[in-house]
Amino acid sequence: MATELDPNAVKMFGFKVWTYKMGEQVSLMVHLGDQLDIYKTMAGRGPMTSDEVADATNLHERFVREWLFGQAAAGLIDHVDGAFELTDVQAAVLADEDDSLSFAAGAFRGGVEPQVIDRILESFQTGIGLTYEEQGPNAAAGLARMTGPWSRLALTDRVLPALDGVVAKLEAGAKVCDIGCGGGVMLSTLAAAFPNSQCVGVDPSAAAIDIARRRGQEQGLSNIEFIQSGGEDIAAGSEYDLVITFDCMHDMAFPDRTAAAIRSAIADDGTWLLKDIRSTGDFDKDMRNPLLAMFYGFSVASCLQSAMSEPGGRGLGTLGLHADAARELTTDAGFTRFEVHDLDDAANLYYEVRI
Ligand SMILES: C[S@@+](CC[C@H](N)C(=O)[O-])C[C@H]1O[C@@H](n2cnc3c(N)ncnc32)[C@H](O)[C@@H]1O
């Protein structure tokens, strides 16, 4: 005989599931607010009526009003005395892309293209995932906006100064290679800050390299070059003073091949700066991260896809390169020094790796 289900337990669990559906809808609304510049327009203006928001954004009031009520219902903007306000705290997360380390609205993309979802479904049958290039035209641009604020704002004043002697070398003129450079935000920031250094970025995604090249040109940088290539193919004997891999080793089908290539391309006193997702290798411990399910979502839809995009791929995925795994990977490649830096980056740890 089937067991009687506790109706309250079913109701509560149903509510939990619907909160994720609400998340899907609110995510789309955040994307709209970002794309329509509504957050940016409301920032710093105090309370506004829907008419005032519509006028200021040049949008249709009826749609704006519905969106505003939805945002207030989600707790993303305030609704007081019939007016709507984006507070300074809310603006730091939703509007201020230039100066706020907490800017998050750029991470919202409005969903995944249906043909990409079909391919993800297929990957569960075939065991072969999609490369970043195959994840659709929005993937590289979206990632650049998601990781951009941290890359631009924390790199030169927080991350690089934590490394032994690296800033002095960059100032004097160093050879730098950014592997898995994506849209090139980080390398452009570095090239602009250290004009004496020569910077090369590599990534197998043509779309990412295209964005990175345009960014370098727009910034008028002459000490930067982007090459479409995998990290495993960087030239041995390049004598790089600094090699950077940001959030990409766990995306590689064969991270060990890239680690070996880095070993053969780095100068004897060079530094490999490896940034990867904060995780422990123990699911129960990782459960302390309240956003853990989101990271697994990133993995199934994107990182694990890439890490399984070739037969026999290691398949590390978003949470797969925790400190112990990173230490093992770099030791196996012939590096002997490994220092962990916790730089108050909620999502990542930084590893300073040397021969
Ligand atoms: C999550 S993105 C990170 C991009 C950039 N480093 C950042 O922090 O924004 C991962 C990148 O790794 C790249 N990638 C995947 N496999 C690679 C490989 N074998 N060699 C180099 N890059 C690779 C992808 O194309 C993608 O651009």
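## Exercises on an open sheet

Seven strands, in the order 5-4-3-6-7-9-8, make up an open sheet with mixed pairing. Strands here are DSSP runs (E, at least two residues), as helices are (H or I, at least four residues), both numbered from the N terminus; two strands pair if DSSP finds at least two bridges between them. The model is a predicted one: local features need pLDDT of at least 70, side-chain atom pairs count only at pLDDT 80 or more, and totals for chains, interfaces and linings use all residues. Residue numbers start from 1 along each chain as its sequence is written.

**Exercise 1. Find the strands at the edges of the sheet and say why one side of each lacks a neighbour.**

Step one: pick out strand 5 (224–228) and strand 8 (337–341), which stand at the edges. Step two: each has a single partner strand, so one side is left without a neighbour in the sheet. Step three: follow strand 8 to strand 9 (residues 348–354), its antiparallel partner over five bridges. Glu 339 has Glu 352 in strand 9 as its bridge partner.

**Exercise 2. Work out how strand 3 (residues 175–179) is covered and which way it runs against strand 4 and strand 6.**

Start with burial: four of the five residues in strand 3 are buried. Buried means 20 or more other C-beta atoms within 10 Å of the residue's own, exposed means 12 or fewer, and partly exposed is in between, with C-beta atoms placed from the backbone.

Now go to strand 4 (residues 198–203), which runs parallel to strand 3 and is joined to it by five bridges. Val 176 is bridged to Cys 199 of strand 4. Between strands 3 and 4 the chain passes through helix 9 (residues 185–193), a right-handed β-α-β crossover: with the strands pointing away from you, the path from the first strand over the helix to the second runs clockwise.

Last, take strand 6 (residues 240–246): strand 3 pairs with it in the parallel sense over four bridges. In strand 6, Thr 245 is the bridge partner of Ile 179.

**Exercise 3. Place His 79: which strand holds it, and is it buried, exposed or partly exposed?**

First, look in strand 1 (residues 78–80), where His 79 lies. Next, count its surroundings: 15 other C-beta atoms lie within 10 Å, so His 79 is partly exposed. Finally, compare sequence with space: His 79 and Pro 47 are 32 residues apart in sequence, and their C-alpha atoms are 8.3 Å apart.
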